[in-house]
Amino acid sequence: MEEQADRRRTDTRRRVRAIALELFTEQGYELTSLTQVARQAGVTRQAVLHHFANKEELLTSSYEELLPALDVVIESARADPPSAATRMRAVERFGALVRGEHGASLVCAQLNEHALRGLPAARTLQLRLDDLIRALATGEGPEGTMRGRLALSAVIMAAARGRELGGRQAERHKAALAVARSLIGSESA
């Protein structure tokens, strides 16, 4: 019986977090209230507050689940000798995160970058993404760093901007990898 109650609590927590990320992405972090999240989740505001003390904690919990998976991508990029193939493997692994259970967190982070700037969890996520960008950089200086950042942005854009880009998700993802390859996929890039 207690195990069933724990599972219900975990399910509610996950559902609230998923709905919050969706609302943060659709209408913006600043414009989304916990009352709206509760209404969409079909629970009371008090139920949301039982799981999360505030909106920031709700977002932080999402990033805390994402960071270990992102760290695996970063470490794998660093473990292999720097090359176009290593960079593309890292982008493909990052793409799997975006298409998987952590996609909503990454899309939310990119679309709300300015609004989230002051939050410690968002800062931690940005530092990790900066680590990955450095691993993807095609050389020293701003151009190499910009190529790495744009490669990651293309992968997130494929998930975040489906309506504007058109096509199916698989087509957008394939296009994002092609764009990333053109940016970081050669040694001379």
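**Exercise 1. Charge distribution**

Determine how far apart the mean positions of the positive and negative charges of the protein lie.

*Solution.* The structure is a predicted model. Step one is the charge count: the protein carries 27 positive and 24 negative charges. Step two takes the mean position of each set, and these two positions are 4 Å apart. Step three turns to the surface: the accessible area of the protein is about 10,400 Å², and carbon and sulfur atoms contribute 51% of that area.

**Exercise 2. Fold and overall dimensions**

State how many helices and strands the protein has, and assess its radius of gyration against the globule rule.

*Solution.* The secondary structure consists of 11 helices and 0 strands. Read from the N terminus, the order of elements is therefore α-α-α-α-α-α-α-α-α-α-α. The radius of gyration is 18 Å, and the globule rule gives 16 Å for 189 residues; the two values are close, so the protein is as compact as a globular protein of that length. Along the principal axes, the C-alpha trace extends over about 55 × 35 × 30 Å. As for the interior, 44% of the 189 residues count as buried. Finally, consider the contacts with a separation of 6 or more: 68% of them come from residues 24 or more positions apart.

**Exercise 3. A salt bridge between two helices**

Identify which helices hold Glu-92 and Arg-181, and explain what their pairing ties together.

*Solution.* Side chains of opposite charge can pair when their charged atoms come close. The cut-off needed here is 4 Å between a side-chain nitrogen of Lys or Arg and a carboxyl oxygen of Asp or Glu. Glu-92 and Arg-181 satisfy the criterion, with an N to O distance of 3.8 Å. Glu-92 belongs to helix 5 (residues 84–99) and Arg-181 to helix 11 (residues 169–184), so the salt bridge ties together parts that are 89 residues apart in sequence. With regard to exposure, Glu-92 is partly exposed at 36% relative accessibility, and Arg-181 is partly exposed at 42%.

A further pair can be treated in like manner. Asp-80 and Arg-89 form a salt bridge with an N to O distance of 3.3 Å. Asp-80 has a relative accessible area of 27% and is partly exposed; Arg-89 is partly exposed as well, at 33%. Across the protein, the count comes to 11 salt bridges.

**Exercise 4. A salt bridge within one helix**

Classify Arg-134 and Asp-131 as buried or exposed, and name the residues joined with them into one network.

*Solution.* The side chains of Arg-134 and Asp-131 meet in a salt bridge of 2.3 Å, N to O. Both residues lie in helix 8 (residues 120–136), where a spacing of 3 residues corresponds to about one turn of the helix. For the classification, buried means under 20% relative accessible area and exposed means over 50%. Arg-134, at 55%, counts as exposed, whereas Asp-131, at 19%, counts as buried. Salt bridges with shared partners then join Asp-131 and Arg-134 with Glu-75 and Arg-78 into one network.

**Exercise 5. The surroundings of His-173**

Establish which residues His-173 touches beyond those up to four places away in sequence.

*Solution.* First, locate the residue: His-173 is found in helix 11. Second, consider its exposure: the relative accessibility is 13%, so His-173 counts as buried. Third, list its contacts: with residues up to four places away in sequence set aside, His-173 touches Gly-95, Arg-99 and Ala-158.

Terms used: Residues numbered from 1 in each chain as written. Predicted model: local features only at pLDDT ≥ 70, side-chain atom pairs only at ≥ 80, totals over all residues. Heavy atoms only, no water. Helix = DSSP H or I, 4+ residues; strand = E, 2+ residues; numbered from the N terminus. Rg over C-alpha atoms; globule rule 2.2 N^0.38 Å. Buried < 20%, exposed > 50% of the residue type's maximum accessible area, 1.4 Å probe, protein only. Contact = heavy atoms within 4.5 Å. Areas by Shrake-Rupley, 256 points an atom, 1.4 Å probe, with all protein chains shown as cover. Lys, Arg positive; Asp, Glu negative; His and termini not counted. Charge placed at Lys NZ, Arg CZ, Asp CG, Glu CD.
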